[in-house]
Structures are given as structure tokens and as C-alpha cells.
Amino acid sequence: MRDDSATLTTRLAASLRDDGSPWAGAALVRLADKGLAHDHVRITGSGLLARIPKQSQMGLNPADNLAYQAACFERAAAGGHAPRLSGVLAPSAVLPRGALLVQEI
């Protein structure tokens, strides 16, 4: 089941708050949905996007999927041609697949 914008941003806001993020309380803007793998939400004023998995394209459990994606961003960003990984929100009851916080480009 696909979240509507209000539900997704509410769950992301709770996850940022629960994680003690400095961006807890920031305005969140869901970007246009363009694919099957991730939702993207702008964290206003932070220069970051939350990249929220919709599924694992490799059939991994949520924690392993997020760890794999984080490692990919860390490696790719070193070349200067991919967004920088800024943080990870671990899978939780409120955000079951977690999220990556990446540089908005």
C-alpha cells in the first residue's frame, strides 16, 4: 500500500524526532513520485533529501537493504558524482524500511 504524502511525511517526521535528528521539526516536502524503488522527501533548510525505500530490489531485509544502499552512496560519493550520504534512519516501527539522508542536488 502506497502512503499518501501526509502519512509519509508524518512518519518521517516521527522518525527524525525519535532519532534525535537536528532536522526534527523541519518542514518536509514530498517530491513527485517517479519510480518504484524509493520515495524522496525534501528536509527544508537542510540541503538534504530523505530517500525512503519502497521495497528491496534485491530481496534483502530492511536493515540489510539500507546498509547496502548506504555503502553504495559512500563509495559513489567519493568520486564526486553522486550525492553525499549524511545519515541513516534505521528501520523502525514508524519507518519500517528506514531512510537514507542524502545531499540534495
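This passage walks through a sheet, a pocket and a few individual residues in a predicted model.

Let's start with the sheet. Five strands make up an open sheet, and reading across it gives the order β1-β2-β3-β5-β4, with antiparallel pairing. So which strands stand at the edges? They are β1, covering residues 28-30, and β4, covering residues 85-89. Each of these has a single partner strand, so one side of each is left without a neighbour in the sheet. The strands aren't lined up perfectly, either: neighbouring ones are turned by 25° against each other on average, direction ignored.

Moving in from the β1 edge, β1 and β2 run antiparallel and are joined by three bridges. Across this pairing, arginine 30 stands opposite valine 41 in β2. Next comes the pairing of β2 (residues 38-43) with β3 (residues 48-53), which is again antiparallel and is built from six bridges. Two of the matched residues can be picked out by name here. Histidine 40 has arginine 51 in β3 as its bridge partner, while isoleucine 43 is matched with leucine 48 in β3. β2 and β3 also form a hairpin, with four residues between them. In that turn sits glycine 45, which has a positive phi of about 85°.

Now for a closer look at histidine 38, a residue of strand β2. Is histidine 38 buried or exposed? Its relative accessibility is 12%, and since buried means under 20%, histidine 38 counts as buried. Its side chain also has some polar company. One polar contact, of 3.1 Å, links it to the side chain of arginine 51, and another, also listed at 3.1 Å, goes to the side chain of glutamine 69. If residues up to four places away in sequence are not counted, histidine 38 touches Asp33, Arg51, Ile52, Pro53, Lys54 and Gln69. So arginine 51 turns up twice in this part of the story: as the bridge partner of histidine 40, and as a polar contact of histidine 38.

These residues show up again in a pocket. The second largest pocket holds about 150 Å³ of space. Histidine 38, arginine 51 and glutamine 69 are among the residues that line it, along with others including Ala37, Gln55, Ser56, Met58, Tyr68 and Phe73. Which helix gives the most to this lining? That's helix α2 (residues 62-77), which supplies five residues.

Two more residues take us away from the pocket. Serine 15 lies in helix α1, and with a relative accessibility of 5%, serine 15 counts as buried. Leaving aside neighbours within four places in sequence, serine 15 is in contact with Leu89, Val94 and Leu95. Leu89 belongs to β4, the edge strand made of residues 85-89.

Proline 22 is found in the loop between α1 and β1. Unlike serine 15, which is buried, proline 22 is exposed, with a relative accessible area of 68%. How far apart in space are proline 22 and serine 46? From C-alpha to C-alpha they are 9.3 Å apart, although 24 residues separate them in sequence.

Technical notes
Residues numbered from 1 in each chain as written. Predicted model: local features only at pLDDT ≥ 70, side-chain atom pairs only at ≥ 80, totals over all residues. Heavy atoms only, no water. Pairing = 2+ DSSP bridges. Helix = DSSP H or I, 4+ residues; strand = E, 2+ residues; numbered from the N terminus. Axes fitted to C-alpha atoms, helices over the stretch in contact; angles between N-to-C directions. Buried < 20%, exposed > 50% of the residue type's maximum accessible area, 1.4 Å probe, protein only. Polar contact = N/O pair within 3.5 Å; in protein donor to acceptor, adjacent residues only side chain to side chain. Contact = heavy atoms within 4.5 Å. 1 Å grid on protein atoms, 1.4 Å probe; cavity = no way out; pocket = protein on both sides within 12 Å on 5 of 7 lines; lining within 4 Å. Points joined across faces, edges and corners; volume = space filled by probe spheres on them.
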